[in-house]
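Dear colleague,

I am handing over the structure we spoke about, and I would be grateful if you could look through it with the notes below at hand. The sequence and the coordinates come first, and what was found in them follows.

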Amino acid sequence: MKRFQRILVHVDTRSDVGPLVDRATNLAKKHGAALTFVDVLPEEIWSARSEQVDVEDLRKLLLDKKESAIDGLVAKARQQDVTANGRVLSGRTSVEIISAVTQENIDLVMKMAKGSESPRLGFVGTTAARLLRYCPCTVWAYRPSPAAGVPRIAAAVDAAAADEKH
């Protein structure tokens with residue numbers, strides 16, 4: 001079985017990410033992996049435009065809030081003897097996560113299957129769908145379930161791949 005060494009956990013600090021963080025921390029402990037917590041600050045904050053507030057002040061406030069939340073998650077993971085770090089990225093979420101994966105040689109990306117404000121119908125949100133489609137490593141679109149056990153796991157497999165890596 002392949003052991004994960006580097007796990008990137010996308011957290012939306014605006015919502016409850018406790019179950020995802022707990023699952024990622026337990027997985028990191030089991031595999032001896034390092035965790036990287038990331039949140040993404042969008043480049044365009046549309047609500048600021050409609051409210052006619054200073055966009056840079058709002059960005060700074062949101063960045064400070066997100067960094068504080070990430071620091072709390074890192075401290076919690078380190079208390080459980082897990083190597084962890086974190087940061088706030090800026091841009092489009094799926095693009096920034098894929099960029100971080102390629103730059104840091106990440107083995108696994110974990111994120112909530114669907115954000116709290118996702119307008120998309122179905123099992124996964126827009127960002128999770130993009131990651132499942134384009135991310136060069138394994139993606140775990142996590143969905144907390146009240147039922148015990150895992151009834152189904154979906155995996156995309158290219159059975160006709162010509163190279164040995166696949």
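Leaving aside its neighbours within four places in sequence, which residues is V11 in contact with? Before the reply, please keep in mind that this is a predicted model. With those neighbours set aside, the contacts of V11 are V17, L20, V21, F37, V38, D39, I70 and L73. V11 sits in the loop between β1 and α1 (18–31), and with a relative accessible area of 0% it is buried. Its C-alpha atom is separated by 6.6 Å from that of K111, although the two residues are 100 residues apart along the chain.

The loop between β1 and α1 also holds S15, which is partly exposed, at a relative accessible area of 24%. S15 and G115 offer another such pairing, since they are 100 residues apart in sequence while their C-alpha atoms are 8.2 Å apart in space.

On confidence, the protein has an average pLDDT of 84, and 81% of its residues score at least 70. The highest mean, 96, belongs to strand β1 (residues 6–10), whereas the lowest, 54, belongs to helix α2 (residues 46–51).

As to the overall layout, the protein has five helices and five strands, and along the sequence these follow the pattern β-α-β-α-α-β-α-β-α-β. Among the contacts between residues at least 6 apart in sequence, 71% join residues at least 24 apart. Of the 166 residues, 37% count as buried, and the protein exposes about 10,800 Å², of which carbon and sulfur atoms supply 50%.

The interior can be described through its nonpolar cores. The largest nonpolar core has 25 residues, and those that touch the most other members are I7, V9, V11, L20, L35, F37 and M110. At least two residues of this core come from each of β1, α1, β2 (34–41), α3 (55–79), β3 (84–90) and β4 (108–112), and α1 gives the most, with five residues. There is also a second, separate core of 14 residues, which includes L89, I98, A100 and C135. To return to L20, once residues up to four places away in sequence are not counted, it touches V9, H10, V11, M110, K111, M112 and Y142.

Y142, just named among the contacts of L20, also takes part in the one aromatic pair that the structure holds. Its partner is W140, and the arrangement is edge-to-face, with 6.0 Å from centre to centre and 70° between the planes. The two residues can be set side by side by their accessibility: Y142 is buried, with a relative accessible area of 10%, while W140 counts as partly exposed, at 29%.

Why is C137 not bonded to the closest cysteine sulfur, in C135? The sulfur of C137 is 3.8 Å from that of C135, which is too far for a bond, because a disulfide requires the pair of sulfur atoms to be within 2.5 Å. By this rule the count of disulfides comes to zero, and C135 is accordingly in no disulfide, with the sulfur of C137 as its nearest cysteine sulfur. Both cysteines count as buried, C135 at 11% relative accessibility and C137 at 14%.

Two backbone positions may also deserve your attention when you go through the loops. Most residues other than glycine have a negative phi. D81, however, has a positive phi of about 60° although it is not a glycine, and its place is in the loop between α3 and β3. N105, likewise a residue other than glycine, has a positive phi near 55°, and it lies in the loop between α4 (93–104) and β4. D81 is exposed, with a relative accessible area of 74%, and N105 is exposed as well, with a relative accessible area of 53%.

With kind regards

Terms used:
Residues are numbered from 1 along each chain as its sequence is written. This is a predicted model: local features need pLDDT of at least 70, side-chain atom pairs count only at pLDDT 80 or more; totals for chains, interfaces and linings use all residues. Side-chain values use heavy atoms; hydrogens and water are left out. pLDDT is the predictor's confidence in each residue, from 0 to 100. Helices (H or I, at least four residues) and strands (E, at least two) are DSSP runs, numbered from the N terminus. Buried means under 20% relative accessible area, exposed over 50%, partly exposed in between (1.4 Å probe, protein chains only). Contact means heavy atoms within 4.5 Å. Accessible areas come from the Shrake-Rupley method with a 1.4 Å probe; for residues, only the protein chains shown count as cover. Rings of Phe, Tyr and Trp (its six-membered ring) pair if their centres lie within 6.5 Å; planes under 30 degrees apart count as stacked, over 60 as edge-to-face and the rest as tilted. A nonpolar core is a set of buried Ala, Val, Leu, Ile, Met, Phe, Trp, Tyr and Cys residues joined through side-chain atoms within 4.5 Å.
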